[in-house]
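Visitor: I am new here. Please take me closely through the inside of this one.

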Amino acid sequence: MRANPLAFLDTELNALKEQGLYRHLRVLDDQQAAKAHFDGKTVVNLSSNNYLGLTTHPKLEAAALKAIKEFGVGSGSVRTIAGTMAIHLELERRLAVFKKTEAVVVFQSGFAANAGTVSAFLTKDDVIISDELNHASIIDGCRLSKAAIKVFPHKDARAARSILQGLPASQRKLLITDGVFSMDGDVGALPELCAIAEEFGCIMMVDDAHASGVFGKNGRGTVDHFGLHGRVDIQVGTLSKAIGALGGYVASSKSLIEFLYHRARPFLFSTSHPPSVTATCIAALDILEQEPEIIDRLWDNTRFFKAGLQKLGFNTGMSESPITPVIAGEGSRAMKLSDRLFQEGVFAQGIAFPTVARDKARVRTIVTATHTKDELQFALDKFDKVGKELGLI
Ligand SMILES: Cc1ncc(COP(=O)(O)O)c(C=O)c1O
């Protein structure tokens, strides 16, 4: 029998186990909700991106079922062949109005939207100036584009500016940041970066995956929050987090969107959304427009929980959003914190290197609009107990 050529992977996995960094995938037994059943245990769920609780909203479920009855379960093709359905275009029109841009194109995921867009319109002759904590999908898009990549320290607009000062005026430049950073929950330096982009003639791009449905009027995102409409050339959003379903989109000029139809590889080479997903997203936009109080509930819970963690004495970093990290230091310590919380009935995922820096491992908490105050207080009590046990507070 031949030797297993993949045996080296077992060595790698064993090393992760020895370092306490091996990830066991927790299994959700029923719905993605504020209180949920993972691995057969009922826990207060602080690990989803289901900010507004829309994954189980009756109006979204009804829209999905109606679309299945009317249009079937699949689109059957990529967008550029036979897979552009009228309902896809309806969602894109709705999103363009929502984001106040000329046009929108929807991708299969936020990851595909970022990676597919950055790699489509830049070439090896161009340069990308990127925040060091930008999401992996941006980083992969940058790498695929083959453009030069210049990374500036997190949120340091002055450093971004000095990088730009050293570049030839004629070179095409993309300045790119997350709107909300997914691991720290802080907000990108958008106003400063927009000013710099204008000064140096850069294309300005913001990934608002965690801000859409959360920041700005009716959840329009950080561009709306900072009053920067018309000053950000490309906005990416996701339909997989606050919107509760699946997908990503690019909101921009008609020309960029038409260009992406021709050059964005996930658009060209991967099947479009099932109509049920698209109908769900349209129903979610209705909710954002008609019931914005759901966003107020999210922020009320955010303030309550964040203040509670800080009062207990945890290091919660610089978070300004419903994402609140509890920094534990070493990876194995964060994993231990997460495991002990789970035993106590609270699910807050441990996150370690390479997702975050080696000495900044953490559990990441995300509250939603649908958590009750009792659930959040229960979680705070458990953080208090386990934090003391592990010497974190
Ligand atoms: C900042 C950021 N951008 C993009 C994405 C990708 O979005 P999606 O889950 O829709 O692929 C994520 C998801 O983790 C994210 O955190």
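Guide: A nonpolar core is a set of buried Ala, Val, Leu, Ile, Met, Phe, Trp, Tyr and Cys residues joined through side-chain atoms within 4.5 Å. Buried means under 20% relative accessible area (1.4 Å probe, protein chains only). This is a predicted model, where local features need pLDDT of at least 70, side-chain atom pairs need 80 or more, and totals for chains, interfaces and linings use all residues. Numbering starts from 1 along each chain, and side-chain values use heavy atoms, without hydrogens or water.

The largest nonpolar core has 65 residues. Leu46, Leu52, Phe305 and Phe383 touch the most other members. Helix α11 (residues 275-290; a DSSP run of H or I, at least four residues) gives the most to this core, with nine residues. Now look at Leu46. Beyond its neighbours within four places in sequence, Leu46 is in contact (heavy atoms within 4.5 Å) with residues including Phe305, Val346, Phe347, His371 and Phe383. Arg364 and Thr365 are also among its contacts. A second, separate core has 24 residues, among them Val105, Cys142, Val250 and Ile257.

Next, the ligand. It has 15 residues around it, each with a heavy atom within 4 Å. Asp207, His210, Thr238, Ser240 and Lys241 come nearest. Helix α4 (residues 110-121) supplies the largest share of this shell, three residues. Three side chains place a polar atom by a ligand oxygen (N or O pairs within 3.5 Å): Thr238 at 2.7 Å, Lys241 at 3.0 Å and His135 at 3.3 Å. The protein covers 84% of the 390 Å² of accessible area (Shrake-Rupley, 1.4 Å probe) that the ligand has on its own.

Note on methods:
Buried means under 20% relative accessible area, exposed over 50%, partly exposed in between (1.4 Å probe, protein chains only). Helices (H or I, at least four residues) and strands (E, at least two) are DSSP runs, numbered from the N terminus. A polar contact is a pair of N or O atoms within 3.5 Å; within protein, one must be able to donate a hydrogen and the other to accept it, and residues adjacent in sequence count only if both atoms are side-chain atoms.
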